[in-house]
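I opened my notebook for another session with a model on the screen. Here is what I looked up, entry by entry.

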Amino acid sequence: LLYVNGQSLEGDTDLKFLLGGGELLKLRSSSWMKARFYKLQEDCRTMWHESKTCTKSKQTFSIEDISAVRAGRQSEGLRKYTDELLEGRCFSIIFKGRRKDLDLIASSDEEAKQWVTSLEKIMSNLNNLNCQQKTQHWIFNCLRKADKNCDSQLSLEELKDFLHQINIELDDLYAEDLFRQCDKSKSGYLSEEEIKTFYNLLTRRQEIDEIYAEYAKTTGFMSAENLLDFLIKEQKEEATLADANRLIDQYERDDKEKQLMTKDGFLMYLQMFEGLVLNPTHKAVHQDMNQPLNHYFISSSHNTYLMEDQLTGPSSTKAYIRALVKGCRCVELDCWDGSDEEPVIYHGHTLTSKILFRDAIKTIKDYAFKTSDYPVILSLENHCSVEQQKVMAKHMSSILGSALITTPLEDQMPTEFPSPEALKGRFLVKCKRLNKLEVYFTREAAGVLVFDLQKCKKLKIAKELSDMVIYCKSVPFNGFQDAKDNLAFYEMASVKEGKAIQLAEESANCYIRHNVDKLSRIYPAGLRTDSSNFNPVPLWNAGCQIVALNVQTPCPNMDLNQGRFLVNGKTGYILKPAYMRDQMSEFDPITLTRGPWLQHKTLHIMIISAQQLPKVNQKKTSVVDALVKVEIHGVPADTAEKETVHIVDNGFNPMWNENFQFDVHVPALALVRFVVEDYNYAFDNELIGQFTLPFTSLQLGKLVASLCHLPVYRWVSS
């Protein structure tokens with residue numbers, strides 16, 4: 001199982017290093033730095049560390065839970081609590097989710113490099129395993145745990161324990177019958193060969209067997225012609241014989257030379273790139289990126305600096321990293337006066353911790369374009385004194401340099417926003433401004449300075465900061481007519497969710513027309529102190545571009561946000577439909593009058609099966625009662641939800657074979673969300689996993705093993 005780019009890791013020096021382990025200094029604060037021994041366990045996917053205070057379960061973490069390994073003093077803690085001379089000895093392990101990151105110090109620069117290189121190699125290995133390999137790896141580890149006396153044999157009781165681990169609850173008589181079938185030696189134990197037989201029985205995919213048998217008409221195997229027949233009839237692809245041969249070459253191991261695809265090769269194909277629910281052509285940038293900026297939905301974050309809640313939670317530069325790596329293109333900075341004339345960021349008048357404005361800008365610069373090359377909007381909530389605003393301007397200028405937009409791109413007064421393409425790699429500041437943008441193109445330069453100084457005293461805004469606001473000038477919202485009569489295209493309002501939703505429900509068409517030449521930002525209500533999120537869909541339906549959510553909080557509404565921006569290369573920019581970019585548009589998502597937006601589709605989905613669903617409840621006796629929900633989120637007429645029955649006591653290989661049908665009237669605005677849950681008759685069901693994507697990005701007519709460990713679906717659309 002240990003391969004990187006097709007090469008075995010057996011005997012690899014990096015793997016040996018991790019298996020041997022070593023002592024590192026773990027840093028938490030200036031007064032907390034302790035030696036800890038870290039090593040990779042024999043399963044090659046779990047790190048163990050020595051701890052005198054943690055419970056046994058907390059002494060390990062999975063390699064698959066690591067988001068990144070960063071060399072040097074890149075974290076807040078390492079920069080704050082270590083000397084620059086230790087730069088080469090420091091590294092950080094960054095985790096997915098809310099687990100606290102590890103700041104570590106090695107004994108030498110060489111040892112730190114070895115840790116970083118070795119961990120990255122193992123991470124790459126696990127990420128590159130296909131679904132079949134992951135299944136084998138997982139089952140192998142469960143078998144190791146079940147073999148209590150480590151004799152490479154399984155007793156009946158150990159077999160039952162193993163079945164619990166992999167999420168199957170079998171009747172005792174059936175388990176005993178299965179055991180007897182495999183115990184060919186009649187020894188009362190399953191040997192290694194007998195365990196292999198048991199594994200083959202366990203992992204047999206009846207539903208795939210049936211589909212394979214239907215098309216495997218060449219001595220029991222699929223020829224290239226048979227596979228082509230499957231691709232055209234089942235997958236609805238415009239495939240050729242060359243395409244079929246390519247798939248056999250790519251996924252077949254046993255009969256590649258004979259140009260035949262075995263059942264294993266067929267299953268491998270279904271679980272890989274070509275079989276995913278997401279249209280692969282939509283993973284890359286495929287939309288026109290030369291439209292004005294306000295013609296796009298823009299992935300946006302609210303109170304980006306917060307890791308948790310809005311009252312007592314920690315603020316961290318790590319929160320900016322997470323948001324930017326997820327593709328957010330608009331991040332928020334709540335700026336307040338700090339000590340030593342250094343502005344700070346925190347949620348004002350609360351107990352949330354503070355970070356330096358300077359550190360936030362450095363972090364944003366370092367991570368802004370890791371996921372997307374397209375522009376980042378810095379949304380400043382400015383509560384600073386004029387003097388510290390000057391410091392803010394100085395930091396942005398010195399750190400962001402020429403990437404910061406400080407003058408219009410055009411030689412004459414623009415009448416619309418530049419495009420994301422024209423702004424690639426650039427930063428835009430959203431804040432209040434002392435005067436109109438037109439001053440850059442007036443001849444009365446001397447008078448402009450006097451005007452600025454007078455307004456500066458009234459509005460308490462530093463000219464240095466004001467001059468950095470070019471395309472995103474913050475103004476209050478006083479109604480659609482006022483905006484039409486008095487606001488320039490670059491003047492934009494931020495509206496609280498309650499007011500915005502009301503406008504979207506009562507005046508949707510007016511809102512859509514407003515957003516044809518203006519930018520709108522929507523933010524969560526102040527009562528959401530737990531950092532919960534509102535539903536962004538009604539605001540997108542009204543054409544609002546910057547719908548800012550608390551990205552630190554996983555929830556169904558955040559799933560919808562991630563699904564909306566999953567495509568177009570994860571640029572964070574999604575082009576709005578043409579009818580939402582037309583000033584004369586009659587589109588109203590509430591009334592749905594006739595127009596080009598009505599493109600009725602009927603979506604047929606068959607939920608077939610799932611494999612290896614993880615336990616949510618980690619109690620030994622707990623087994624998943626699996627069910628699947630399919631949700632459509634879009635205009636009110638399209639919003640719908642349907643679910644399968646729950647399969648009792650089987651999270652390993654439940655089968656449903658249930659058919660659903662949905663009518664979708666405005667596909668360009670619709671999202672499809674697949675949800676797998678563990679049924680609970682007494683309380684709310686527990687989420688196992690979900691996947692959300694735009695309706696228009698579905699691979700229609702596909703038989704899909706969608707995402708490893710999530711259900712198999714079949715759907716067609718007409």
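**Entry 1: the whole chain.** Before counting anything, I fixed my term: a contact means heavy atoms within 4.5 Å. I also noted that I am reading a predicted model. With that in hand, I took the contacts between residues at least 6 apart in sequence and found that 67% of them join residues at least 24 apart. The protein chain has 21 helices and 30 strands. Of its 718 residues, buried ones make up 54%. I put the accessible surface of the chain at about 32,400 Å², and carbon and sulfur atoms hold 50% of that surface.

**Entry 2: the annotated histidines.** I checked the UniProt record next. Its unreviewed entry lists His302 and His347 under "active site". They are spread over 46 residues of sequence, yet they cluster in space, with a largest C-alpha distance of 11.1 Å.

I then stayed with His302. I found His302 in the loop between strand 12 (296-301) and helix 12 (317-325). Is His302 buried or exposed? Its relative accessible area is 8%, and the cut-off for buried is under 20%, so I logged His302 as buried. Leaving out residues up to four places away in sequence, His302 touches Gln310, Glu332, Arg521, Tyr523, Pro524, Ala548, Leu549 and Asn550.

**Entry 3: Asp625 and a neighbour.** The same kind of record search gave me Asp625, which the unreviewed UniProt entry covers with the annotation "binding site". Asp625 lies in the loop between strand 23 (601-609) and strand 24 (626-633). I noted Asp625 as buried, at 16% relative accessible area. Which residues does Asp625 touch, not counting those up to four places away in sequence? My list reads His646, Ile647, Val648, Asp649, Glu677, Asp678 and Tyr679.

Asp649, one of those contacts, earned a note of its own. Its phi is near 55 degrees, a positive value in a residue other than glycine. I wrote a reminder beside this: most residues other than glycine have a negative phi. Asp649 sits in the loop between strand 25 (640-643) and strand 26 (655-664). Asp649 is partly exposed, with 29% relative accessible area.

**Entry 4: another positive phi.** Asn568 is not a glycine either, and I read a positive phi of about 60 degrees for it. I located Asn568 in the loop between helix 21 (556-564) and strand 22 (573-575). The relative accessibility of Asn568 is 0%, so I marked it as buried.

**Entry 5: Leu693 and its surroundings.** I moved on to strand 28 (residues 686-694), where Leu693 has its place. Leu693 counts as buried because its relative accessibility is 0%. Setting aside residues up to four places away in sequence, I listed what Leu693 touches: Val277, Leu278, Gly563, Leu566, Leu671, Val672, Phe674 and Leu698. I also looked at Leu560, which is 133 residues from Leu693 along the chain. The C-alpha atoms of this pair are separated by 7.9 Å.

**Entry 6: a pair from far along the chain.** Gln235 lies in the loop between helix 9 (224-233) and helix 10 (241-251). I recorded Gln235 as buried, at 1% relative accessibility. How many residues along the chain separate Gln235 and Gln699? The count is 464, while their C-alpha atoms are 8.6 Å from each other.

**Entry 7: helix 5.** Helix 5 (residues 156-165) is mostly covered, and I counted seven of its ten residues as buried. They are Glu158, Leu159, Lys160, Asp161, Phe162, Leu163 and His164.

**Entry 8: cavities.** I finished with the empty spaces. The structure holds two cavities of 30 Å³ or more, and I chose the second largest, at about 30 Å³ in volume. What lines the second largest cavity? I found Phe477, Ala493, Val495, Tyr511, His514 and Ser520 there. Strand 19 (491-496) and helix 19 (508-517) are the elements that give two or more residues to this lining. Sorted by class, the lining has four nonpolar residues, two polar ones and no charged ones.

Definitions and conventions:
Residues numbered from 1 in each chain as written. Predicted model: local features only at pLDDT ≥ 70, side-chain atom pairs only at ≥ 80, totals over all residues. Heavy atoms only, no water. 1 Å grid on protein atoms, 1.4 Å probe; cavity = no way out; pocket = protein on both sides within 12 Å on 5 of 7 lines; lining within 4 Å. Points joined across faces, edges and corners; volume = space filled by probe spheres on them. Helix = DSSP H or I, 4+ residues; strand = E, 2+ residues; numbered from the N terminus. Nonpolar A, V, L, I, M, F, W, Y, C, P; charged D, E, K, R; others polar. Buried < 20%, exposed > 50% of the residue type's maximum accessible area, 1.4 Å probe, protein only. Areas by Shrake-Rupley, 256 points an atom, 1.4 Å probe, with all protein chains shown as cover. UniProt positions renumbered as here; feature names shortened; annotations may be inferred.
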